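Q: Could you take me through one part of this structure up close? I'd like to see how that part sits within the whole chain.

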Amino acid sequence: MNVRGFLLSISVAFAFSASAQNNSNVIDEVVWVVGDEAILRSDVENVRMEALRQGQRWDGDPYCVIPEQLAVQKLFLTQAAIDSVEVGDSEVFQQVDADIQGMIMDVGSREKLEEYMGKNIAQIREQMFESYKNRMIVEDVQLGLVRDIKVTPAQVRRYFKGLPEDSIPFVPTKVECQIITREPKIPQEEIDRVKNTLRDYTERINSGSAQFSTLALMYSEDKLSAQAGGELGFAGRASYVPEFANVAFNLTDPKAVSKIVETEFGFHIIQLIEKRGDMVNCRHILLKPRVTTEALQQSINDLDSISAEIARGLYTFDECVSFVSYDKDTRNNYGLLYDKDQRISKFEMKDLPAEVARAVAGLKVGEISKPFIMVDSKGREVVAIVKLKSRTNGHRATMVDDYQELQDVVISKLREEKIENWIREKQKTTYIHINEEWKNCEFKYPGWIK
């Protein structure tokens, strides 16, 4: 387990620490001191127990590995204090809230999570804050250490020269796809039905005959937040689409229910829970108009006709994207599927939407699929056709075809070495004390014992 991965497990484990202490008969004591920071026996035990609950295994004796990794964290936190490295509370709470939502999904409901943790969501949130903040500070320090590491093609070539073939990275089959999507027309009567349903919910909430959170749990089509009674957690304005944010951030009365809000996801009603600086926590109920079989079939027929016109040479696929496809994310990119975060357009089949992967699987380069129904990134049913633009079969990486992959391997190696060397140097100038019974270990970094 690397340092970065370990820090996440530490953060999650510390969130469970109070519950573990309540059920533990271990007499607590300071077992390590790193600089001005103490590591307690209970700290080690909490991480160990949570790792067992999550099915994690340690590479060695956990009573050696865990305190050493906690000590590594202390070294980075000490450096952060020297360098005045800080992270904003709103950024920390955003990550905490996202992970709490994930925990709720894992255990099944908000109530089950509270029962398991032995505290309410607000207490869980506050308890997770400090450990998550520490993790994010450590990551910032690490990033500062490795940010300027760069390599040249000559360095990459030297690194891989002479390596056995089975040590050279294997690049899986990757494809580039273009897509045209059509959104089936929603009848006005279906939109009216959804709005009337939301108005009914609003009346029931305002009259006191139902709780917003109960209706969200029962009826909201945002399944993730529904399990938390529609609660979305603290987030900034940029986390939401503009139509939703404009309403959510203008709410002032926690008892009030917003007007109906239409976004690309469907129709919402929103209720304020709490504002904190530039962050807001609210709950919502989402309903999506249903697509009729007839509307889906009409979209299939439309795309069949478009495919036929492309086949006859009347239009190119690229031309059709600009005036046919409704998806704004791909329409201005000639339909090319593109990951903005990773800045890649070539995908492994497993990373494509399942429906797209099935449609592409049997195509030759340049061929266009039959129309198919898929659920888009907004959770709506659409009809699509895809064109296989390119396919690169799986192979051992080469400098000519896969320089980026090879460069990433070398940079990752150099970053790891930089951080490990920094830890060894930091050990030399930091006060470290380990209780005698905790010294009998084969540490990754021997400099703990001087």
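A: Counting up the secondary structure, the chain has 17 helices and 12 strands; these are DSSP runs numbered from the N terminus, with helices (H or I) at least four residues and strands (E) at least two. Keep in mind that this is a predicted model: local features need pLDDT of at least 70, side-chain atom pairs count only at pLDDT 80 or more, and totals for chains, interfaces and linings use all residues. Residues are numbered from 1 along each chain as its sequence is written, and side-chain values use heavy atoms, with hydrogens and water left out.

Let's zoom in on α7. This helix runs over residues 121-146, so to speak 26 residues in a row. From first C-alpha to last, α7 reaches 36 Å, close to the 38 Å expected at 1.5 Å a residue (that is, 1.5 Å times one less than the number of residues). At F129, α7 bends by about 35°, the angle between axes fitted to the seven residues ending there and the seven starting there. At the N-terminal end, N120 acts as a cap, with a side-chain oxygen 3.1 Å from the backbone nitrogen of A122.

Now for what α7 packs into. The largest nonpolar core has 47 residues; such a core is a set of buried Ala, Val, Leu, Ile, Met, Phe, Trp, Tyr and Cys residues joined through side-chain atoms within 4.5 Å, where buried means under 20% relative accessible area with a 1.4 Å probe, protein chains only. α7 gives the most to this core, with 10 residues. Among the residues with the most contacts inside the core are W32, F76 and W448.

Methods. A polar contact is a pair of N or O atoms within 3.5 Å; within protein, one must be able to donate a hydrogen and the other to accept it, and residues adjacent in sequence count only if both atoms are side-chain atoms. Buried means under 20% relative accessible area, exposed over 50%, partly exposed in between (1.4 Å probe, protein chains only).
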